[in-house]
Amino acid sequence: MSDLLQIIDREGNKVGTVPRVKKEVFLDMYRAMVRTRAFDDRCMKLQRTGKVGFSVPNRGIEAVSVGAAAALDISKDWVAPHYRDFGIMLYHGVSPERMMDTMFGNEADSAVGRQMPVHFSFRKPLNFLSISSPLGTQVPQAVGIAMAMKTRGEDGAVLTTFGDGSTSASGFHSGMNWAGVFNSPTVFLCQNNQWAISCPSEQQTKSSSYAIKGEAYGVPGVRVDGNDVLAMYRAVSQAVKRARAGDGPTLIEAVTFRMGGHSTSDDPTKYVDPELVTYWEQRDPIVRFSAFLHAEGILNEAADATLREEAKDEMLAAARAAEAKPVPVLTSVFEDVFEETPAHLKKQSAFCVDHYSSRGEGVNEKGEFPL
Amino acid sequence: MSELTLVQAVNDGLRVAMKEDESVLVLGQDVGPKGGVFLATDGLHAEFGEDRCFDTPLSEDGIVGVGIGMAMNGMKPVCEIQFQDFIFPAFDQIVSEAAKMRYRSGGQYTVPMVIRTPYGGGIRGGLYHSQSGEAYFAHTPGLKVVIPSNPYDAKGLLIAAIQDPDPVLFMEPKALYRAFRQEVPDGLYTVPLSTTATVVEGEDCVIYCWGAMVPVCKTAAERVSESRGKSIRVIDLRTLMPLDEEAVIQATRECGRVVVVQEAPRFCGYASEISAILAENAVDSLEAPIQRVTGFDTPFPNTLENYYIPDARRVVDAIEQVLDY
């Protein structure tokens with residue numbers, strides 16, 4: 001289990017067989033990684049300036065999300081994600097503005113301002129399941145989605161992602177166990193970023209790795225250098241191929257490092273050794289992939305610089321657009337509890353609107369009612 | 001028409017729903033070839049095959065979590081939790097996930113799923129095969145809670161629950177599984193959710209009850225009618241969430257005296273919610289304080305369960321108390 005799948009080393013040198021894909025795919029991956037970092041940076045700034053309440057740093061884990069995303073065919077594959085996976089959405093064309101709508105919880109937010117920032121949910125352009133705060137609950141759900149595909153004879157696969165901490169939660173166990181028993185077309189991607197808030201891996205498990213946990217469920221486990229986007233792409237592609245062929249689930253452990261705190265509410269300097277941070281900074285997934293692309297002649301300095309600038313501008317524009325949108329209407333609090341709003345909720349909705357409008361609240365500046 | 005017990009009516013309801021819609025499937029522990037520990041799924045595995053009716057690992061959060069995934073992806077799973085007492089490992093999946101999915105995704109993802117589970121005492125099942133946990137679930141926004149009390153309703157409500165676009169917890173009173181038979185129509189019919197049923201007509205007092213307490217309340221009402229010459233209305237709530245509040249308020253206005261009966265422990269029970277609704281909306285019609293007849297605030301006992309579960313004598317006493325006030 002000590003074997004770590006790696007295709008490019010930390011200097012960007014080839015140490016394995018490079019996937020044979022068009023160079024546009026490499027560029028798409030690189031762009032998505034750069035945009036993921038830019039989105040993350042912008043969210044951190046928005047939180048630090050008090051414009052949004054919360055974010056979840058994605059710095060350092062970009063290759064995990066993007067490499068996995070690139071291996072999916074979103075016309076038939078689904079994603080049951082955890083909250084540290086901005087790159088999956090950005091790779092597959094969810095617009096940063098729609099993501100910023102969720103960060104701001106505005107009226108255009110797909111979750112209608114009901115969830116905390118970062119808890120994205122999209123049905124288009126890909127089935128990116130609504131993110132939950134309770135950990136690991138998406139894992140058995142992913143198995144159910146996959147079993148439904150299998151029952152109907154479809155050849156889709158479901159990628160479910162979770163952190164190292166979630167392997168201790170019941171959802172991981174029940175999901176893995178079911179997937180083994182039912183041979184469901186599910187890809188389990190453990191983003192081992194080495195921290196569950198402040199608790200390191202040693203406090204999470206005595207197993208020699210996370211990948212080895214698959215063995216007990218009859219699910220093959222693979223350990224991958226999570227800062228190597230090509231290794232991630234290769235591992236997830238192979239797992240998806242197995243799933244489509246009816247060969248069942250795979251557990252992938254992506255070894256990476258969370259370069260920021262758990263969330264904007266966390267101060268990792270209290271518990272993370274700065275030397276460890278330096279060690280992982282030298283293994284930055286974007287720097288590494290950039291070096292590879294330069295060496296291969298796929299990207300040059302000027303294009304790289306332009307791409308990075310464009311990403312920053314794009315995220316700033318998305319944030320400004322989302323910030324300008326109004327909050328959801330007050331009545332939206334009472335909708336989508338059930339398909340049809342029952343009488344008691346209609347009553348509570350009417351009360352809430354009356355109560356606040358009579359005090360001049362819940363009315364927006366355009367005088368439209370109710371806000 | 002067939003003369004069926006309640007558990008046979010559940011079985012028939014599942015069969016009809018599975019025939020009607022091929023996305024309906026049944027999963028749970030021992031629901032396959034064995035047909036369920038109470039035989040609620042008897043014959044379904046043979047008739048519909050492994051893909052439509054299958055046994056699962058012993059994992060309640062898996063049963064519900066996998067069911068949620070299937071429901072989000074086009075299927076209509078009917079999950080069985082073998083005893084309601086064993087549902088708690090799945091509490092997170094039910095309360096945090098199934099109940100909130102529509103809301104938290106702005107309607108993009110929905111969970112048209114039924115969780116069937118036998119509940120309540122009367123089989124000498126002790127602490128962990130007897131509980132009535134409806135209040136935990138009726139308290140959860142986004143989840144429907146349905147409890148039938150007779151074979152006709154069991155089939156009609158179950159089919160309505162399976163057709164419903166939202167997650168439904170369908171609690172089956174195991175004490176009534178084989179208690180009596182009733183004529184049940186063959187084939188498809190539904191009993192609409194969120195409707196109550198008046199099972200005994202009356203105007204001097206109204207009893208609100210559900211599930212296994214319905215026959216107990218009918219007996220009590222009949223006894224008081226005979227002994228006191230008063231007419232006691234018995235209303236079976238059938239759907240606890242969303243409740244037909246107007247029906248409850250209206251019957252209270254008509255009868256003026258109220259008893260609420262539940263098998264569950266007293267404190268923060270569903271009977272308390274009914275009492276509060278009436279206190280807020282119909283206090284001007286009340287001619288006596290509302291009386292609750294409930295289980296006790298203890299875990300559910302085994303040997304002495306008959307002293308725990310409300311019986312007709314306790315209900316009669318409560319009716320007399322409100323009549324004599």
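What percentage of the 371 residues of chain A count as buried? The figure is 52%. Before I go on, please keep in mind that this is a predicted model. I will take chain A, then chain B, and put the contact between them in the middle.

Chain A, overall. Chain A has twelve helices and eight strands. Its C-alpha trace spans about 70 × 50 × 40 Å along the principal axes. A compact globule of 371 residues would have a radius of gyration near 21 Å, and chain A agrees, with 21 Å. If we take the contacts in chain A between residues at least 6 apart in sequence, 74% of them join residues at least 24 apart.

The domain assignment divides chain A into domain 1, residues 23-323, and domain 2, residues 329-371. The C-alpha centres of these two domains of chain A are 36 Å apart.

One helix in chain A is worth a look, and that is H8, residues 229-244. Helix H8 of chain A has 16 residues, and the distance from its first C-alpha to its last is 22 Å, close to the 22 Å expected at 1.5 Å a residue. Which residues of H8(A) are buried? They begin with an unbroken run: A:Val229, A:Leu230, A:Ala231, A:Met232, A:Tyr233, A:Arg234, A:Ala235 and A:Val236. Then come A:Ala239, A:Val240 and A:Ala243. If you want to see what these residues pack against, look in chain A for three helices, H1 (23-48), H2 (62-70) and H10 (285-295), and for three strands, S4 (186-192), S7 (221-225) and S8 (250-255). After H8(A) comes A:Gly246, with a positive phi near 85°.

Now the contact between the chains. On the chain B side 37 residues take part, and they are in contact with 36 residues of chain A. Four helices of chain B each supply at least two residues to the side that touches chain A: H3 (60-72), H4 (91-98), H5 (101-104) and H9 (245-255). Of these, H3(B) gives the most, with nine residues. By class, this side of chain B has 13 nonpolar, 15 polar and nine charged residues.

Chain B, overall. Chain B has twelve helices and 14 strands. Its radius of gyration is 19 Å, close to the 20 Å that the globule rule gives for 325 residues, so chain B is as compact as a globular protein of that length. The C-alpha trace of chain B spans about 60 × 40 × 35 Å along its principal axes. Of the 325 residues of chain B, 59% count as buried. For contacts in chain B between residues at least 6 apart in sequence, 80% join residues at least 24 apart.

Chain B is also assigned two domains, domain 1 at 2-184 and domain 2 at 197-324. Their C-alpha centres lie 26 Å apart. How many residues of domain 1 of chain B are in contact with domain 2 of chain B? There are 25, and they meet 22 residues of domain 2. The elements giving two or more residues to the domain 1 side are H6, strand S6 (144-146), helix H7 (151-163) and strand S7 (168-173) of chain B. That side has 13 nonpolar, eight polar and four charged residues.

Next, helix H10 of chain B, residues 270-281. Its twelve residues should span 16 Å at 1.5 Å a residue, and the end C-alpha atoms are 17 Å apart, which agrees. The buried residues of H10(B) are B:Tyr270, B:Ala271, B:Ile274 and B:Leu278. Why do they line one face of the helix? Seen down the axis of H10(B), they fall within an arc of 110°, so they share a face. In general, an α-helix has 3.6 residues a turn, so residues three or four places apart point the same way. On the other side of H10(B), B:Ala276 and B:Glu280 are exposed. The cover over the buried residues of H10(B) includes helix H6 (134-138), H9 and strand S10 (205-209) of chain B.

Last, a single residue, B:Met18, in helix H1 (6-20) of chain B. Is B:Met18 buried or exposed? B:Met18 has 21 C-beta neighbours inside 10 Å and therefore counts as buried; the cut-off is 20 or more. Leaving aside residues up to four places away in sequence, B:Met18 touches B:Val24, B:Leu44, B:Phe48 and B:Arg52. B:Cys205, 187 residues from B:Met18 in sequence, is 42 Å from it in space, C-alpha to C-alpha.

Definitions and conventions:
Residues numbered from 1 in each chain as written. Chains lettered and ligands numbered in written order. Predicted model: local features only at pLDDT ≥ 70, side-chain atom pairs only at ≥ 80, totals over all residues. Expected span 1.5 Å × (residues − 1). Buried ≥ 20, exposed ≤ 12 C-beta atoms within 10 Å, placed from the backbone. Contact = placed C-beta atoms within 7 Å. Rg over C-alpha atoms; globule rule 2.2 N^0.38 Å. Nonpolar A, V, L, I, M, F, W, Y, C, P; charged D, E, K, R; others polar. Domains from an automatic or database assignment. Arc of directions from axis to C-beta.
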